[in-house]
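Notebook open, structure loaded. I'm jotting down what I look up as I go, strands before helices.

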Amino acid sequence: PPPMPRPDQTRVMVVANQKGGVGKTTTTVNLAASLALHGNRVLVIDLDPQGNASTALGIDHHADVPSIYDVLVDSKQLSEVVQPVLDVEGLFCAPATIDLAGAEIELVSLVARESRLDRAIKAYEQPLDYILIDCPPSLGLLTVNALVAGAEVLIPIQCEYYALEGLGQLLRNVELVRGHLNPALHVSTILLTMYDGRTRLASQVAEEVRTHFGREVLRTSIPRSVRISEAPSYGQTVLTYDPGSSGALSYLEAAREIALRGVGVHYDGSKAHPMV
Ligand code: ADP
Ligand code: MG
């Protein structure tokens, strides 16, 4: 297979879409595992109070575990909360606990409330190739913290009715944060998720997304796959749960595209993989 080059600087990617259930968490953990399995050092930051990314990575996140809440609200060091993901070398997770549900409000009265995650990341001294931030389904202060901390936004889009609805609001927020707080911020990557090539609707939505966004859309799309949805209940990503499945291969392929784009190569995928 073509290589998965490592970036020369840490790439911080914010996985965002204020719609729930579009595949943010699934995309975050499976891309992270794909990148780590190919020699990258990757940190997943779980920024959703639900803690689904932590669960999917098999990371303990009961209420007493040091978590990203402590980093954002109590100025704990990121290094004090990061845990290794046991079955994937080079993969790490800063878990979310239920405390984080209150952070949206607690942050309001804190100094530098929009840039607390950014500061924590800048102070983190472990070498990393990627940081992937799994955002909650809202555009509040948690998501704003992610947008201030990252340069790249990755938007998963589910190929269904109203797929593009609400995206305008996310894009306006990206513009606002870019204008006021983080000039480097841009939407670098769009990933089509839960794609069912047999339906006309899915291909119509895919077409619409490609017309609307163009080059940002990865050639690889992620198929709807039972194996992908089963993996989290075993505390695993699909990459270790069923490495040969179409879901695992498509996330690997998407990760490869992202890695290649990072070094300036827009990859012409082979037809062997699920693609729109
Ligand atoms: P979000 O984080 O945007 O809310 P999730 O990643 O949690 O979305 O995905 C929502 C639901 O869809 C989950 O139950 C997940 O297992 C399932 N899911 C996500 N991607 C796929 C896929 N490619 N095939 C099948 N099920 C999927
Ligand atoms: Mg989620």
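**Entry: β1 and its partners**

I started with M13 and looked for its bridge partner in β5, which turns out to be L132. This is a predicted model, so I'm reading everything here as computed. One residue before, V12 stands opposite I131 in β5. I then pulled the whole pairing: β1 and strand β5 (residues 130-134) run parallel and share five bridges.

Next I checked β6 (residues 152-158), which also pairs with β1 in the parallel sense, over three bridges. There, V14 has V153 as its bridge partner.

Which way do the side chains of β1 point? I find R11, M13 and V15 on one side and V12 and V14 on the other, all of them buried. Five of the five residues of strand β1 (residues 11-15) are buried, so I'm noting the strand as largely enclosed by the rest of the structure.

**Entry: the whole sheet**

I zoomed out to get the strand order. Seven strands make an open sheet, β3-β4-β2-β5-β1-β6-β7, with mixed pairing. At the edges I have β3 (83-84) and β7 (186-193), each of which pairs on one side only.

Where does the antiparallel part come in? I found it at β3 and β4, which run antiparallel and are joined by two bridges. Q83 stands opposite C93 in β4 there. These two strands form a hairpin with six residues between them, and in the turn G90 has a positive phi of about 85 degrees.

Then I followed β4 to its partner β2 (residues 42-46): parallel pairing, four bridges. I45 stands opposite A94 in β4. I also checked the faces of β4 (residues 91-94): L91 and C93 point one way, F92 and A94 the other, and all are buried.

**Entry: α6**

I counted burial along helix α6 (residues 141-149) and got nine of its nine residues, so to my notes it goes as mostly covered. The buried set includes L141, V144 and V148, and also the polar pair T143 and N145. What do they pack against? My list is β1, α3 (68-74), α4 (100-106), α5 (116-123), β5 and α7 (167-180).

**Entry: α1 against α11**

For a helix pair, I want the angle between the axes and the distance between the axes. For α1 (residues 24-37) and α11 (residues 246-262) I noted about 70 degrees, with the axes 9 Å apart. The two helices are therefore roughly perpendicular to each other.

I listed who meets whom: N30, L31, S34 and L35 come from α1, and Y251, L252, A254, A255, I258 and A259 from α11. By class, the residues of this contact are eight nonpolar, two polar and no charged.

**Entry: ligand 1**

Which residues are closest to ligand 1? Out of 17 that surround it, I get K24, T25, T26, I228 and S229. α1 and α9 (226-230) each supply at least two residues of the shell. The most comes from α1, which gives three. I also sorted the shell by class: five nonpolar, 10 polar and two charged.

**Entry: odd phi values and a loop**

I scanned for positive phi outside glycine, since most residues other than glycine have a negative phi. S75 came up with phi near 55 degrees. S75 sits in the loop between α3 and β3. With 12 C-beta neighbours inside 10 Å, S75 counts as exposed.

M194 is another non-glycine, with a positive phi of about 50 degrees. I placed M194 in the loop between β7 and α8 (200-213). Buried or exposed, this M194? It has 21 C-beta neighbours inside 10 Å, so I count M194 as buried.

Last stop was E216, in the loop between α8 and α9. I put E216 down as partly exposed because it has 18 other C-beta atoms within 10 Å. How far is the C-alpha atom of E216 from that of V226, 10 residues apart along the chain? I get 27 Å. Setting aside neighbours within four places in sequence, I found E216 in contact with V187, S188, T189 and I190.

Notes: Residues numbered from 1 in each chain as written. Chains lettered and ligands numbered in written order. Predicted model: local features only at pLDDT ≥ 70, side-chain atom pairs only at ≥ 80, totals over all residues. Axes fitted to C-alpha atoms, helices over the stretch in contact; angles between N-to-C directions. Parallel < 35°, antiparallel > 145°, perpendicular 65-115°, else oblique. Contact = placed C-beta atoms within 7 Å. Buried ≥ 20, exposed ≤ 12 C-beta atoms within 10 Å, placed from the backbone. Pairing = 2+ DSSP bridges. Near = placed C-beta within 6 Å.
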